[in-house]
Amino acid sequence: MLLGVMFLAMVAMIFINVPIGIALAIAALLGQVSFHGTNSLVTVGIEMYRGATGFALISIPMFVLAGAIMNAGGISRRLIAFVSAIIGFVRGGLAMVNIGVSLFFAEISGSAVADVAALGSVMIPEMKKRGYSAPFAAAVTSSSASLAIIIPPSIPMILYAVSANASVEQLFVAGLVPGLMGGLGLMFVAYLFARRYNFPVEKAFDFHDLRTTFVDALPALMLPVIILGGIFSGLVTATEAAGLAVLASVVVGLWYRDFDLKHLRESMLDGGLQTAVVMILVAASVLMGDLLTVSQVPQKLAAGLVALTDNKYLILMILNVFFLVIGFFLHSAAAIILVVPIIIPLIETVGINPVHFGLIVTLNLAIGQQTPPVASVLITSCSIAKADIWETTKVNIHFIAVLLTVLMICTYVPAVPMFLVDLIYGTP
Amino acid sequence: MISQFRRTLDVTLQWVVIGQMIALTIMVLVAVFYRKFGASLSWYDEVASVMLAWITYYGAALAALRRQHLGFDGVLLRLPIPIRMTAVAIAEVLVIGFFLILAWAGWQVLEVVGDENLISLPWISVSFTQSVIPIGAALFVICELLSLPESWTAARVGRSLEHPEPHMTRS
């Protein structure tokens, strides 16, 4: 009963625009005072400090920083030239290039908003110039940028791993195949659009051009090799790889002579601010977590649902619908922090692998970034394209359908995301 | 006068956050190389975690000054103006009230841990590392108050600070 009131109070606070992390903390504080009296107020100081000191979360500022440093124009331009040489000869080539470069960028940056801001400002004006409509340019940029949170490294995956006590490295491995599937699916839909609307071919395939652009882009292409190679080979942890990503992005920036102290300063600030905004949520979730532990609500919820059905595929379907719906209204970080700790006992009870479930959650939230009203990636993309959100959404539905198909495949054929995990880390 | 103070605070907090980010980055990189050469740094985990907490709370104050915390104003901006402005006032009281409690609680904690030191670096006191809670919370309140006039005006005219671009209308 009390927790129900707390939940309603939290929703009411979110609706009047109390920041989500602070609404969570206030609701938890109310619950704590109701359970333990006003003497427990002092513990809020300890818990909000403890919540902000999670060692695994140190990779978040590092990956955000690496992504921000990589956002310098020269790196995007070289990647675009290289991917254009690979795929520009196909009809609708520029849309394909947009998706292909997003795949590369996703392997460096952990944030889809960073991805869309970096690539959209280059790709969208170019697409519009070549005759693509603004809603189509915005839709293809937005949906392909969401691959950034499926393909490692991924900030939502780090948050999930901490919330669910799962392995960040295994989650990163699990995201690779679905991310590539999503990229190919988006390219296929873009090709169908290109055929239907007669979008232009960029240039004929030229091996010499491919070689030249490859050599030029090689330093930038080494970044995913360092990040993913380091993690997947077990040479470094996710946090260490994040630190190395920062170092490598500075070196690549210096190599391309794109790097200046002003850009580094802005990147540092961007990294610090984004980290703070997410970490306040994480710290508040620790306060709420203590209350959930005392009240045993997640365990009771799990027992209640399992009493209705213990079919894990049915439960996964219910959870998919649930996460898709909350993705309409919550940012991915907030959705993970608020919901995952409550859901995890259920996942463990019905025998779903937490890494597999983490991938499902991330995919749902990638779709949520595309669905208004709260759709950070879509809104950024529309803002750059000066496109109407609803017109863009009408086009984007086709790309969202691809992401939904990948979600269904990954949910019901666990081998698709998990076979690489089993291969590298062994079958549990 | 107030806008000058706001600008100074913004710039000061920017440099505090940038300094902390530089320190954390150097710490992580040095720790990687030390571990690879078989000499892991004993203090790394503890000190890097403290640095993360500092970035969290000093960065949160700056994010409050710029109204960049994750929120949802979709419902609020659709309310009639009198109800909307009452809701904004309630939201501000809640946020400021929470951080005042946090500042007080953080201060109480400092008195409790007064003579404790970090495990890995005994010459650093816990009260120094945890001072971020009362200081960060107090800064948050100041930043929230300084940015209130702008957010109040934005709410009154129905402008979203979350996604301010003009293309939200259904055409």
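Visitor: What makes the meeting of the side chains of Glu150(B) and Arg6(B) a salt bridge?

Guide: In this predicted model, the N to O distance for Glu150(B) and Arg6(B) is 3.2 Å, and a salt bridge asks for a side-chain nitrogen of Lys or Arg within 4 Å of a carboxyl oxygen of Asp or Glu, so the pair fits the term. The pair links distant parts of the chain, with Glu150(B) in helix α5 of chain B and Arg6(B) in helix α1 of chain B, 144 residues apart.

Visitor: Why is Glu150(B) called partly exposed?

Guide: The relative accessible area of Glu150(B) is 38%, and because partly exposed covers the values between 20% and 50%, Glu150(B) belongs in that class. Arg6(B), at 22%, counts as partly exposed by that reasoning.

Visitor: How do you know that the side chains of Glu92(B) and Arg67(B) meet in a salt bridge?

Guide: The N to O distance of 2.7 Å between Glu92(B) and Arg67(B) falls within the 4 Å limit, so the name applies. Here Glu92(B) lies in helix α3 of chain B and Arg67(B) in the loop between α2 and α3 of chain B, 25 residues apart. Arg67(B), Glu92(B) and Glu144(B) are linked in a network of salt bridges, and the phi angle of Arg67(B) is near 55°, a positive value in a residue other than glycine.

Visitor: Is Glu92(B) buried or exposed, and how do you know?

Guide: Glu92(B) has a relative accessible area of 10%, and since buried means under 20%, Glu92(B) is buried.

Visitor: What makes Glu126(A) and Lys129(A) a salt bridge?

Guide: The closest N and O atoms of Glu126(A) and Lys129(A) are 3.6 Å apart, which is within 4 Å and therefore meets the requirement. Both residues lie in helix α7 of chain A, 3 residues apart, about one turn of the helix. Glu126(A), at 34%, counts as partly exposed, whereas Lys129(A), at 65%, is exposed because its value is over 50%.

Visitor: Why does Leu24(A) count as buried?

Guide: The relative accessibility of Leu24(A) is 3%, and because buried means under 20%, Leu24(A) is placed in that class. Leu24(A) is found in helix α2 of chain A, and, leaving aside its neighbours within four places in sequence, Leu24(A) is in contact with residues including Met10(A), Leu281(A), Met288(A) and Ile337(A).

Visitor: Why is Ile318(A) called partly exposed?

Guide: Ile318(A) has a relative accessible area of 39%, and because this value lies between the 20% and 50% limits, partly exposed is the class that suits Ile318(A). Ile318(A) is found in helix α15 of chain A and is one of the residues forming a nonpolar patch on the surface, among them Leu314(A), Val321(A) and Phe329(A), with about 580 Å² of accessible area together.

Visitor: What makes Asn198(A) count as exposed?

Guide: Asn198(A) has a relative accessibility of 55%, and since exposed means over 50%, Asn198(A) counts as exposed. Asn198(A) sits in the loop between α10 and α11 of chain A, and its phi is near 55°, a positive value in a residue other than glycine.

Visitor: What makes the peptide bond from Pro152(A) to Pro153(A) worth a look?

Guide: The peptide bond from Pro152(A) to Pro153(A) is cis, with omega near -5°, and Pro153(A) lies in the loop between α8 and α9 of chain A.

How values were computed: Residues numbered from 1 in each chain as written. Chains lettered and ligands numbered in written order. Predicted model: local features only at pLDDT ≥ 70, side-chain atom pairs only at ≥ 80, totals over all residues. Heavy atoms only, no water. Helix = DSSP H or I, 4+ residues; strand = E, 2+ residues; numbered from the N terminus. Buried < 20%, exposed > 50% of the residue type's maximum accessible area, 1.4 Å probe, protein only. Contact = heavy atoms within 4.5 Å. Patch = residues over 30% accessible without salt bridge, like charges linked within 9 Å, V, L, I, M, F, W, Y side chains within 5 Å. Areas by Shrake-Rupley, 256 points an atom, 1.4 Å probe, with all protein chains shown as cover.
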